[in-house]
Amino acid sequence: MAANTATPPSDRRFLIFFDFDETIVDESSDDVVVQAAPGQNLPNWLKDTYRPGHYNEYMQRVLAYLGEKGVTESAIRSVIEKIPASPGMLALFQFLRHRPPQDFEVVLVSDANTFFIESWLRRVGARQLFVRIFTNPATFDKDGRLVLRPFHSHSCPRCPDNMCKQVVVRDYVLRRTQERGRPFQRVFYVGDGANDFCPSLILGPRDIAFARRDYPMHRLITEIHEARPGEFKAVTVPWTSGEDVVERLRKHAEEK
């Protein structure tokens with residue numbers, strides 16, 4: 001599901017993608033929502049239903065369980081809103097908000113869900129920063145249960161069955177380039193996980209992969225550099241704080 005449908009202005013110089021879990025926020029929202037469960041824990045029979053590559057299906061069952069136990073929309077929102085931002089991330093948002101409007105087009109690509117992401121962004125006042133949010137749809141049904149659905153299906157062997165971020169990023173960049181009649185000067189991608197490595201593979205030599213230091217995305221990029229030099233095209237900038245990203249973005253924003 002992509003929130004916002006109006007075409008963004010075509011005068012932006014740069015395009016920047018953000019992941020959500022453990023990038024914008026410092027924890028996994030899927031893990032945090034368990035705090036809303038009775039006893040802040042899930043029963044073992046439910047945990048045992050998880051299968052690798054099918055996390056979205058597992059989370060559908062987790063949210064159904066919360067609904068059956070009478071966990072309310074406000075209780076779920078409350079635990080999600082309390083997730084801390086990653087270090088320096090709010091400063092990075094502040095930087096992007098205060099740049100001239102023609103600098104950055106900001107997009108979010110996440111394997112979380114619409115309810116978690118919208119709730120958190122609205123709490124910190126950052127929702128308006130993002131022109132698009134690509135994530136798994138999640139809405140409350142008439143019985144007050146949060147119903148999660150997969151974002152799409154794809155054929156990428158690297159990614160979970162419900163979302164390949166490379167497909168999302170590639171299609172978005174292509175569509176926006178056609179709508180604008182020209183490419184962006186640079187594309188940036190800020191992430192942390194293995195599913196953020198996949199989209200970073202299609203970035204070009206002028207683009208930047210901001211990989212959270214010592215997280216899976218960073219490790220996978222390091223491995224590909226060592227195993228197949230030259231295959232990974234983008235410049236890699238490891239980050240531990242959003243301030244590291246600000247520093248690099250400021251440098252490129254001053255380019256003409």
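Modeller: Before we start, UniProt annotations may be inferred rather than shown by experiment, and their positions are given here in the numbering of this structure. Also, this is a predicted model.

Colleague: Got it. Which residues does the UniProt annotation "active site" cover?

Modeller: The annotation comes from an unreviewed entry. The lining of the largest pocket takes in the residues of this set. They are Asp19 and Asp21.

Colleague: And which residues are covered by "binding site"?

Modeller: That one is from an unreviewed UniProt entry too. The lining of the largest pocket includes the whole set. The names are Asp19, Asp21 and Asp192.

Colleague: Why do you say those three gather at one spot, given how they are spread in sequence?

Modeller: In sequence, Asp19, Asp21 and Asp192 span 174 residues. In space they gather at one spot, because no two of their C-alpha atoms are further apart than 8.4 Å.

Colleague: Let's look at Asp19. Is Asp19 buried or exposed?

Modeller: Asp19 sits in the loop between β2 (14-18) and α1. The cut-off for buried is under 20% relative accessible area. Asp19 has 4% relative accessibility, so the label is buried.

Colleague: Which side chain from further along the sequence makes a polar contact with the side chain of Asp19 at 2.8 Å?

Modeller: Beyond four places in sequence, Asp19 touches a set of residues including Val109, Lys165, Tyr189, Asp192 and Asp196. A polar contact of 2.8 Å also joins the side chains of Asp19 and Thr23. The partner you're after, with its own 2.8 Å polar contact, is Lys165.

Colleague: What about Asp21: buried or exposed?

Modeller: Asp21 is also in the loop between β2 and α1. Leaving aside residues within four places in sequence, Asp21 is in contact with Glu27, Ser28, Ser29, Ala112 and Asp192. With 13% relative accessibility, set against the 20% cut-off, Asp21 comes out as buried.

Colleague: Now the largest pocket. Which elements each supply at least two residues of its lining?

Modeller: The largest pocket holds about 450 Å³ of space. Its lining has 18 residues, and those nearest the centre are Asp21, Ser28, Tyr55, Asp111 and Asn195. The elements with at least two lining residues each are α1 (29-32), β3 (104-113) and α8 (194-200).

Colleague: How many of the residues lining the largest pocket are charged?

Modeller: Asp19, Asp21 and Asp192 are among the lining residues, and Asp counts as charged. The lining also has five nonpolar and five polar residues. The charged count is eight.

Colleague: And the second largest pocket: which element gives the most to its lining?

Modeller: This pocket has a volume of about 190 Å³. Of its 13 lining residues, Arg12, Leu96, Pro101, Phe104 and Leu129 are the closest to the centre. Two elements give two or more residues to this lining, α5 (89-98) and β3. The one that gives the most, with three residues, is β3.

Colleague: Last one: how many residues in that second lining are nonpolar?

Modeller: Leu96, Pro101, Phe104 and Leu129 are among the residues closest to the centre of the second largest pocket, and Leu, Pro and Phe count as nonpolar. The lining also includes one polar and five charged residues. The nonpolar count is seven.

How values were computed
Residues numbered from 1 in each chain as written. Predicted model: local features only at pLDDT ≥ 70, side-chain atom pairs only at ≥ 80, totals over all residues. Heavy atoms only, no water. 1 Å grid on protein atoms, 1.4 Å probe; cavity = no way out; pocket = protein on both sides within 12 Å on 5 of 7 lines; lining within 4 Å. Points joined across faces, edges and corners; volume = space filled by probe spheres on them. Helix = DSSP H or I, 4+ residues; strand = E, 2+ residues; numbered from the N terminus. Buried < 20%, exposed > 50% of the residue type's maximum accessible area, 1.4 Å probe, protein only. Contact = heavy atoms within 4.5 Å. Polar contact = N/O pair within 3.5 Å; in protein donor to acceptor, adjacent residues only side chain to side chain.
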